[in-house]
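Thanks for sharing this one with me. Please have a look at the model first, and then read my notes beside it.

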Amino acid sequence: MSIKYVPKELPIDDNVNVTRRHPLKNFIYLLGTVVIISIIIFVLLGYTASWLATRIGADNEIRVGKLLYNTISETEVIDDRRIYYLDELLHDMLDVDEIARLPLTIHLLDTEIVNAAIMPGGHVLINTGLLQKVKSENELAFILSHELGHFQHQDPLKSLGRSLVVVSALAAVGIGTSSSSGGLSDIVSWTGELTILHYSRNQETKADEYGLARVINHYGHGGHSLDFFNGFQKFEDGERQLSQVSQYFASHPENQERIDYLNTLAVQKGWNMEGELTSLPDWIHCPDMDEEQCEAEN
Amino acid sequence: MENILQISLVLFLLILGYFFGSYREKRHFRNLQLREKQVLNMPIANIGRNLPADITETKLVVGIVVISIDYFKKISAMLRNLVGGRITVYESLLDRSRREAILRMQEEAMEWGASQVLNVRLETVAIGGRFGGKTDPGSIEVIAYGTGIK
């Protein structure tokens, strides 16, 4: 038996094994779908998580706060007069009939990084780097009441809930935690981060409003309280070495925007934004131990 | 800052992968078209029984090819993994590999002076990285082999 062989050329444009679809179109379609679905999932999960997180109860919040605080690696300054000063200032910022949700604890951390933060359970973290930079009590009062605002609005709990959910969701899909998925984890987690960032900007604005209201309440005016950000703005424009600082402020609304917004708010509410500067104690930059050395330096 | 760096690295790799990848792919397809014409008269079949009675000589002929995927294809495929469906960017890769491997086998057979190649088989294997290795882009290997007869 023999089979006749007829040579046949493959037609150029009709290859059944290759789908004729432009790779770029295909890519854009896929990227769009994944990004949109990720945003929807992150937003939904985020809201659910923050809603749940604010319902864990005071005892649990204290427990979680303790756990989280233990993960901080910076050395804490203990038994220093600056702590008592900050503690007093912080509690002074509360409105007359306002009670902090949980007892507040000030932790002074010995690091150059200019930062202040609040953790679940009422842990207020102040870096010595921040104390080096502030020029008046008004500035410090605004920063402290801003953090207090976050705490009273339960923001630390909400973001904790959100990050827990996002991390678990990423782990469940098998990305984000391992190095095995390359660029994929990046695309999904960037979407997640951006979603979170937007959310926390909203929280920042709320905390700013709270902060300024308390400052006005305490001093009777908002003068000098925003100087820190004015000064910071100048730094940001000029010196690049302050990149460490911008890291902290990355999730905060742009500083100029932020100042403008607060000034408009003050006009609307009829708040006085001019007033006397309340100076800081002389020893605000100095640890108890090296008082002489410190005074010599200044 | 770190994120910006990461994003630009991924974008850079994507663009590099897309332009180099599609340039090479187009060139390869053109090349395949040309060479396939030259072996058009070399019959191949994947049956091995009822051999012609006048065979004087046989030889095992083999064609192997390994083609690497590029970053663009890799990311496209990963995204596709999330939503399901046909990974079209890999289809062209597999088609190129298959045709190239068969061509090489036919070219070997022609050089040896075969009149046809029978009992042709195709095997494929993924080398390295497989699906989603971070450092290893992954690649596909296709082996075509058959019995050349004179």
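Below are a few numbered points on confidence, the cores and chain B.

1. Before you zoom in, please note that this is a predicted model, in which local features need pLDDT of at least 70, side-chain atom pairs count only at pLDDT 80 or more, and totals for chains, interfaces and linings use all residues. Residues are numbered from 1 along each chain as its sequence is written, while chains are lettered from A and ligands numbered from 1 in the order in which they are written.

2. For the complex, the predictor reports an ipTM of 0.76 and a pTM of 0.61. Chain B has an average pLDDT (the predictor's confidence in each residue, from 0 to 100) of 86, and 91% of the residues score at least 70. Where pLDDT is low, the predicted coordinates should not be read in detail.

3. The largest nonpolar core (buried Ala, Val, Leu, Ile, Met, Phe, Trp, Tyr and Cys residues joined through C-beta atoms within 7 Å) holds 30 residues. Buried here is 20 or more other C-beta atoms within 10 Å of a residue's own, with C-beta atoms placed from the backbone. A:Leu90, A:Ile126 and A:Leu144 have the most contacts inside this core. Leaving out residues up to four places away in sequence, A:Leu144 touches A:Leu89, A:Leu90 and A:Met93 (contact: C-beta atoms, placed from the backbone, within 7 Å). Apart from this core lies another, of 14 residues, including B:Ile102 and B:Val142.

4. Chain B has three helices and three strands (DSSP runs: H or I, at least four residues, for helices; E, at least two, for strands). Of its 150 residues, 27% count as buried.

Definitions and conventions. A residue is buried if 20 or more other C-beta atoms lie within 10 Å of its own, exposed if 12 or fewer, and partly exposed in between; C-beta atoms are placed from the backbone. Two residues are in contact if their C-beta atoms, placed from the backbone, lie within 7 Å.
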